[in-house]
Amino acid sequence: MMLPTKTFAVRLFEYGGPEKLVVDEYDLPPLGPHDLLVKNLAGSVSRWDIKYRSGLLARYQIPGRTPFPLPQQLGRETAGEVVAVGSGVIRFEPGDRVVGVTHPEDPGSVEVARGLGNLSQGVAVPGHQGMGSNAQYLVRDEHMWLHLPDGADIEQAGVSLWAFSTSHRIVRDRLGVRPGDDVLVIGASGGMGQATVQLAKLAGARVITTTRQEGKRDTLLELGADAAVVTTDADRARDEVRALTGGEGVDHAVDFTGSPESLRFARDILRLGGRIVLTSEQGDASLPFDAADFMRLELNLLGVRGSRMIDMITVLKLLGENRISTRIAARFPLARVGEAHELLEHSTDLVGRIAILPWT
Ligand SMILES: NC(=O)c1ccc[n+]([C@@H]2O[C@H](COP(=O)([O-])OP(=O)(O)OC[C@H]3O[C@@H](n4cnc5c(N)ncnc54)[C@H](OP(=O)(O)O)[C@@H]3O)[C@@H](O)[C@H]2O)c1
């Protein structure tokens, strides 16, 4: 069988708006002995793609990783089918359904030995240091792929691993959520929020979500939240969360907005000794905490960066058992990735992920 040597793909050559995304046919790298050639059937557009495209990632220079290069093929997620394998590959064969590792680990790194493979140095994250999934065909080392369980839907796999594995790390590792805990998810309508709601529920927690849009309240409840609080009136929102928790406040607050107002809200409705997880930030805005808060409230402030292999494997198992799912807000063919960026960047009523289907 003649293997493809070129692929339709979308690449970024200079930072700017969605018009900078160039659809064309590009050469595929030759298949090395440890590579898989994969037909990419489903992927996504994420907030990181928008940040990369706009040139905002420079300030995230990650220790031990190369800078974010141009040209780049964006796209952190992919699920597809193996077309061919290199001569040294033994774990995969043509026809296997696979999903791209969203947060690769260097097995020999000291971070993996410390249980922090998500912080691995010397790895090339697809869509960041390595070529991402905005293409019909992908060639990557076998360590960049995992088998997709039989029961898992390929489109779901292409939009779930990035958000769910990071959320798994937040819920199970950083927070250690236990049955009966109260978890507040701030900015719950995006992909990360949805995933965190579902995983916190699976861990036995009561989950309270927030949104700025009254129109999203019902959708958040449909997604599995026990309560949805609209935050346009901060005092009212704080009273609502207090009432929901019998005046105690929540055990954990996960912020997906990066806004100082959200963090202040989290601090004000946190139970004594509670934990706040930061996942993002907004420019140079300073944190709304002072040193006294850490002593007065025994406040725990935790950061998160990506997920470990154990998070990804657990999420794939849950996906195969249909115990988690991602709401897909819109689907775009590869040639219209720019429109998908526009939608994610500017929509105020979007709930869920945006799928990219390269063969439609
Ligand atoms: N640290 C990590 O490892 C990691 C990994 C993945 C993602 N992230 C980050 O996690 C965040 C969430 O990801 P996502 O894909 O779920 O993003 P998203 O789709 O933008 O969802 C975030 C939600 O937060 C709310 N929001 C946005 N800006 C806000 C503001 N200024 N004030 C209050 N609410 C605001 C919006 O909900 P409403 O309109 O309903 O209010 C929005 O839907 C992103 O910043 C992403 O970059 C971090």
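**A walk through the model, strand by strand**

Okay, let's start with one pair of residues: A330, which sits across from I354 in strand β15. That strand covers residues 353-357, and β14 pairs with β15 in the parallel sense over five bridges. When I say that two strands pair, I mean that DSSP finds at least two bridges between them. Strand and helix names are DSSP runs numbered from the N terminus, with at least four residues (H or I) for a helix and at least two (E) for a strand.

Before I go on, two housekeeping points. Residues are numbered from 1 along each chain as its sequence is written. And this is a predicted model, so local features need pLDDT of at least 70 and side-chain atom pairs count only at pLDDT 80 or more, while totals for chains, interfaces and linings use all residues.

Back to that corner. Between the two strands comes helix α10, residues 337-346, and β14, α10 and β15 together make a right-handed β-α-β unit. Right-handed here means that, with the strands pointing away from the viewer, the path from the first strand over the helix to the second runs clockwise.

Now zoom out. The protein chain is split into domain 1 (6-148 + 327-357) and domain 2 (174-303), with bounds that come from an automatic or database domain assignment. Their centres, taken over C-alpha atoms, are 30 Å apart. Where they touch, domain 1 supplies seven residues and domain 2 supplies eight residues. Contact, for us, means C-beta atoms, placed from the backbone, within 7 Å of each other.

Next up is strand β8, residues 182-186. How many of its five residues are buried? Five of the five. Buried means 20 or more other C-beta atoms within 10 Å of the residue's own, exposed means 12 or fewer, and partly exposed is in between, again with C-beta atoms placed from the backbone. In a regular strand, side chains alternate between the two faces of the sheet. Here D182, L184 and I186 point one way, V183 and V185 point the other way, and all are buried.

β8 has partners, too. It runs parallel to strand β9 (residues 206-211), and the two pair over five bridges; within β9, I208 is the bridge partner of L184. Add helix α4, residues 191-202, and β8, α4 and β9 give us another right-handed β-α-β unit. Then there's strand β11, residues 250-255, which is parallel to β8 and joined to it by four bridges. There, L184 faces A253.

L184 comes back when we look at the largest nonpolar core. This core has 81 residues, and V183, L184 and A266 touch the most other members. By nonpolar core I mean a set of buried Ala, Val, Leu, Ile, Met, Phe, Trp, Tyr and Cys residues joined through C-beta atoms within 7 Å. Helix α3 (residues 154-174) gives this core its largest share, eight residues. Domain 1 and domain 2 each put in at least three residues. As for A266, leaving out residues up to four places away in sequence, it touches L184, I186, A253, D255 and I276.

Staying in β11, have a look at H252. Why does H252 count as buried? Because it has 29 C-beta neighbours inside 10 Å. Not counting neighbours within four places in sequence, H252 is in contact with L175, V177, D181, V183, L184, G274 and R275. V177 is 75 residues away along the chain, yet the C-alpha atoms of the two are separated by 8.1 Å.

On to the ligand. It is surrounded by 25 residues, and the closest are G187, G190, M192, T211 and S280. The cut-off for being near it is a C-beta atom, placed from the backbone, within 6 Å. The elements giving two or more residues to this shell are α1 (47-54) and α4, and α4 gives the most, three residues.

Last, some backbone oddities in loops. L70 and P71 are joined by a cis peptide bond, with omega about -5°, and P71 lies in the loop between α1 and β4 (78-85). E298 isn't a glycine, but its phi is positive, about 45°. You'll find E298 in the loop between α8 (291-296) and β13 (300-303), and it is exposed, with 12 other C-beta atoms within 10 Å. N322, also not a glycine, has a positive phi near 55°. Its loop runs between α9 (309-320) and β14 (328-333), and N322 counts as exposed because it has 11 C-beta neighbours inside 10 Å.

How values were computed. Contact = placed C-beta atoms within 7 Å.
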